[in-house]
Amino acid sequence: MPNTILLVEDEPTLRDTLAYRLRHEGYGVITAADGPKALEAAHKVHPNLVVLDLMLPGLDGLEVCKQLRASTDTASTPIIMLTARVEESDKILGLELGADDYVTKPFSWPELRARIRSQLRRSEQSTTDGTATSARQGVIENDPLRIDLDRRQVWLDGDELDLATRLFDLLVYLVQHKGIVLTRSRLLEHVWGYDYTGDTRTVDVHVRWLRERIEADPSNPTLLQTVRGVGYRFKG
Ligand code: CA
């Protein structure tokens, strides 16, 4: 089965060119020219990856991204955003809403192709590892950690850890999204809940506590890394 890519771009020339190139690479391609159609297509075909333009009629790319992340069937679908804006703040905003990567227009085809391959590879890998979707239950083996989702138990190098509920949920979310940079806002939203009104420093405090439990040297973490200015990443 070839990977299916949902390409969301309102500019016809760019859309057609990209669709042609993606098909030429062997991907199945579905296109959408506005936000509402993108959401409809995503829920219908469950693409392996979404290439999403930021500026779109109807709903813009950030809103589409947010809605895809909020639905169980598309929550873990890799999303690469195409943005004409170069400001760093847009990158951060998009990351908060759950995009996995960015390509700034104008971009070269080899650049976009490389990002697509990399996201698909990561997503295939996590599917194989059984860590792709948050809905999936079972046991996650991620050396030196072993997590039993049903029993809510964690072992570190074979020794069981007694983690508080929130620390357990945080750890599971991080491991399930390993390799991906997660902003404090995204962690707050998914681990603490959408209506949680707390400060993002809550995340930093819990990360510190979690490091004290799982890192050999908490002041020099190797598993749970800080991405300066953005958030955290569980090393995959
Ligand atoms: Ca556009």
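Q: Before we look at the helices, what angles count as roughly parallel, and which as roughly perpendicular?
A: Angles under 35 degrees count as roughly parallel, and 65 to 115 degrees as roughly perpendicular. Keep in mind that we are reading a predicted model.

Q: And how are two packed helices described?
A: Two packed helices are described by the angle between their axes and by the distance between those axes. Let's try helix H2, residues 35-45, with H3: their axes cross at roughly 25° and come within 10 Å. H2 and H3 are therefore roughly parallel to each other.

Q: Is the crossing of H2 and H3 left-handed or right-handed?
A: The crossing of H2 and H3 is right-handed. On the H2 side, the contact is made by Gly-35, Ala-38, Leu-39 and Ala-42, and on the H3 side by Val-64, Gln-67 and Leu-68. Sorted by character, the residues of this contact are five nonpolar, two polar and no charged.

Q: How do H7 and H8 pack?
A: Helix H7 (residues 184-192) packs on helix H8 (residues 201-214) at an angle of about 80°, and their axes are 9 Å apart. That angle makes H7 roughly perpendicular to H8.

Q: Which residues make the contact of H7 with H8?
A: H7 brings Arg-184, Leu-187, Leu-188 and Trp-192, while H8 brings Thr-202, Val-203, Asp-204 and His-206. Here the split is four nonpolar, two polar and two charged.

Q: Let's turn to the metal. Which residues coordinate the calcium ion?
A: To read a metal site, look for the donor atoms within 3.2 Å of Ca, remembering that water is not among the atoms, so a site may look incomplete. In this model the calcium ion is coordinated by Asp-10 (OD), Asp-53 (OD) and Met-55 (O), at 2.1 to 2.3 Å. Along the chain, these donors follow the spacing D-x42-D-x1-M.

Q: Where in the chain do Asp-10 and Met-55 lie?
A: This pair links distant parts of the chain, 45 residues apart. Asp-10 is in the loop between strand E1 (4-8) and helix H1 (12-24), and Met-55 is in the loop between strand E3 (49-53) and helix H3 (61-70).

Q: What is the relative accessible area of Asp-10, and of Met-55?
A: Asp-10 has a relative accessible area of 31%, and Met-55 has 45%. Residues between the 20% and 50% cut-offs are called partly exposed, so Asp-10 is partly exposed, and so is Met-55.

Q: How many helices and strands does the protein chain have?
A: The protein chain has eight helices and twelve strands. Of its 236 residues, 47% are buried. Among contacts between residues at least 6 apart in sequence, 53% join residues at least 24 apart.

How values were computed. Residues are numbered from 1 along each chain as its sequence is written. This is a predicted model: local features need pLDDT of at least 70, side-chain atom pairs count only at pLDDT 80 or more; totals for chains, interfaces and linings use all residues. Side-chain values use heavy atoms; hydrogens and water are left out. Donors are N, O and S atoms within 2.8 Å of the metal (3.2 Å for Na, K and Ca); water is not among the atoms, so sites may look incomplete. Helices (H or I, at least four residues) and strands (E, at least two) are DSSP runs, numbered from the N terminus. Buried means under 20% relative accessible area, exposed over 50%, partly exposed in between (1.4 Å probe, protein chains only). Axes are lines fitted to C-alpha atoms, for helices over the stretch in contact, and angles run from 0 to 180 degrees between N-to-C directions. Angles under 35 degrees count as roughly parallel, over 145 as roughly antiparallel, 65 to 115 as roughly perpendicular and the rest as oblique. A crossing is left-handed if the near helix is turned anticlockwise from the far one by less than a right angle, and right-handed if clockwise. Contact means heavy atoms within 4.5 Å. Ala, Val, Leu, Ile, Met, Phe, Trp, Tyr, Cys and Pro count as nonpolar, Asp, Glu, Lys and Arg as charged, and the others, Gly among them, as polar.
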